[in-house]
Amino acid sequence: MSILMDRVYIMINYDYIIIGSGLGGLGAAGVLVKAGKRVLIFEKNAIPGGRCSSYKKKGFTIDYGTHIITRSEFGPIGDIIQLLDVEDQLKFFHLTRMPSYLLHKEESYGPFGIDIDQKNTLSIPIQDKNITKLGLKKEDFQNIFANMSKLVQNISITKTEELNEVPFQEYIESLQLGQGVKQILYFLYMAGLCVMPHEGSAGEFLRTLLYVMGSSIKSVWVEHDGLSFGYPIGSCIAIPKAIAHGIENYNGKILYNKMVEEIIIEDNLAVGVKTKNGEIFKANRIISDIGPKETILQLCGKEFFEMKYINQIHSIKPSIRSLVLKIALNKKITREPFQFLLTTEMEKAFESALNNEIPDIPIGIFIPATSVMDPSLAPKGKQLLLPGTVYAPYKDTGMNEKKLKEKVLSCMELVFPHFQNYIEWVDVFTPEIAMKLWNNVDGAINRVGQTINQVGDNGIDFYTPIENLFLVGCGIGKGLSGIGTEFAVESGMTLANNLLIKK
Ligand SMILES: Cc1cc2nc3c(=O)[nH]c(=O)nc-3n(C[C@H](O)[C@H](O)[C@H](O)COP(=O)(O)OP(=O)(O)OC[C@H]3O[C@@H](n4cnc5c(N)ncnc54)[C@H](O)[C@@H]3O)c2cc1C
């Protein structure tokens with residue numbers, strides 16, 4: 001009797017099966033359906049988008065993960081939307097200001113930071129004279145944006161590649177930069193690329209900065225004459241929803257609530273997948289968007305690979321982890337779409353992060369007010385803030401998240417006094433939620449961190465030792481760069497284009 005007797009066989013033969021409807025999987029699917037391929041996508045959840053998706057609660061629409069899209073419609077997300085002819089289904093709010101505050105003990109100083117509307121200075125001048133009390137110079141906190149753009153004014157992509165293996169912190173400390181620019185750069189680095197500055201790649205950061213504000217290559221800054229940072233109208237799920245519509249318009253099929261449990265491998269060839277409820281689907285090629293560790297170690301099994309490859313997969317360093325609060329307020333307390341709170345004691349905060357201790361003041365807190373960017377995300381007169389901080393670099397150390405949550409709230413009080421009186425409810429997003437929701441073994445922001453040994457030509461390969469089995473997603477694809485969602489889309493699109501050429 002065949003041990004396969006209890007399995008249900010599905011006879012349609014697809015060209016491609018894609019596991020996961022994150023932006024990597026959708027990017028790949030979009031290119032393939034447009035080329036006329038028969039594509040079937042499996043998603044374990046009821047909605048598309050993975051870490052770039054949203055949920056509803058008591059009249060609010062709240063993002064699970066992603067907050068801001070670095071190049072909005074001018075980057076890879078715009079490319080896939082255009083390719084699938086669904087540009088009309090995705091609009092962005094564009095940020096022109098990013099005020100920041102410095103936190104020191106029980107005080108806050110600021111605002112300083114980026115203000116594109118003020119074309120002359122391109123920064124918000126710091127208001128506090130007292131900053132000198134902290135041993136800091138007021139002028140270091142002015143013209144932040146102009147000083148940041150100098151970093152990439154005369155740099156080429158080739159030059160950034162030479163800096164791939166130079167740690168970001170080492171690079172920044174070797175430059176003559178004011179403290180204010182450094183604070184912003186360190187925080188942007190950690191919030192954007194989600195890697196600790198001492199092991200993150202300087203080249204990778206400069207490339208992402210070049211895409212946004214460089215003047216020596218075709219960058220968004222030059223084309224758009226402004227900061228390209230954007231927030232999707234309708235919340236982050238608007239992005240995967242629009243791409244998914246496009247895919248379905250071109251006859252791609254997405255099966256929701258269908259978890260893949262096994263990749264079927266015969267004679268070193270990936271031939272299909274088995275779902276959690278025992279169905280089997282076949283395809284000529286399988287693309288997995290669920291992360292290298294999850295794909296190779298969980299869905300395939302170690303027995304199909306040489307030890308060297310298994311060790312390589314085991315040793316992939318994820319990005320850092322994050323704690324994000326979803327705060328529903330019964331009153332509007334700010335008009336700013338996005339703010340940063342930064343500590344004056346950056347080094348102390350780095351040390352706490354590395355030792356998995358709760359810092360006096362976190363490295364930084366970013367505060368997207370998504371209902372300022374799209375008022376439909378909160379009931380009338382109310383407001384939604386999604387403050388987040390990065391912590392516990394790589395693994396679960398049992399850090400007391402309740403205490404960290406209280407710390408974030410008390411730091412916010414320094415800038416928004418008594419705001420806690422208006423809290424209706426707070427949801428807390430932790431790495432454990434990421435593990436459960438998206439089957440993410442490390443609970444990290446990105447499954448592959450853009451560290452010095454994992455970028456450029458050292459990047460994680462699309463191609464696996466199993467024939468017809470490929471990986472996509474944020475951090476996957478040699479020579480690719482970018483922030484979270486954009487990296488994921490580009491990864492999917494690049495692999496799909498390569499496969500179409502290869503036949
Ligand atoms: C808190 C947080 C904040 C972030 N902020 C930003 C930001 O501001 N800007 C930005 O650009 N990026 C941000 N990111 C990162 C960005 O969200 C991710 O890099 C990107 O969305 C990853 O896409 P992906 O396709 O690689 O993977 P995922 O989004 O993880 O997609 C994988 C998909 O596969 C599904 N899946 C998993 N296992 C299975 C299975 N066995 N069978 C079927 N389906 C399965 C999952 O449910 C998921 O939908 C943030 C992430 C987090 C967590």
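**View 1. The chain splits into three parts, called domain 1, domain 2 and domain 3.** In this predicted model, domain 1 is pieced together from residues 8-77, 234-317 and 448-502. Domain 2 covers 96-228, and domain 3 runs from 320 to 438. The views that follow stay with domain 1 and domain 3.

**View 2. Here is where domain 1 meets domain 3.** Measure from centre to centre, using C-alpha atoms, and the two domains sit 29 Å apart. On the domain 1 side, 19 residues make contact, and they touch 25 residues of domain 3. Put together, the pair buries about 1,900 Å², with 65% of that on carbon and sulfur atoms. Look for Phe-60, Tyr-64 and His-67 in domain 1: these lose the most area to domain 3, and together they make up 34% of what that side buries.

**View 3. Zoom in on Lys-57 and Asp-427, whose side chains form a salt bridge.** The N to O distance here is 2.7 Å. Between domain 1 and domain 3, the salt bridge count is 1. Polar contacts add to the picture, with 10 residue pairs counted between these two domains.

**View 4. Strands S3 and S4 help build the side of domain 1 that touches domain 3.** S3 spans 54-57 and S4 spans 60-63, and each brings at least two residues to that side. S4 gives the most, with 4 residues. Sort the residues on this side of domain 1 by class and you get 5 nonpolar, 8 polar and 6 charged.

Methods: Residues numbered from 1 in each chain as written. Predicted model: local features only at pLDDT ≥ 70, side-chain atom pairs only at ≥ 80, totals over all residues. Heavy atoms only, no water. Domains from an automatic or database assignment. Contact = heavy atoms within 4.5 Å. Buried area = accessible area lost by both parts, 1.4 Å probe. Salt bridge = Lys/Arg side-chain N within 4 Å of Asp/Glu carboxyl O. Polar contact = N/O pair within 3.5 Å; in protein donor to acceptor, adjacent residues only side chain to side chain. Nonpolar A, V, L, I, M, F, W, Y, C, P; charged D, E, K, R; others polar.
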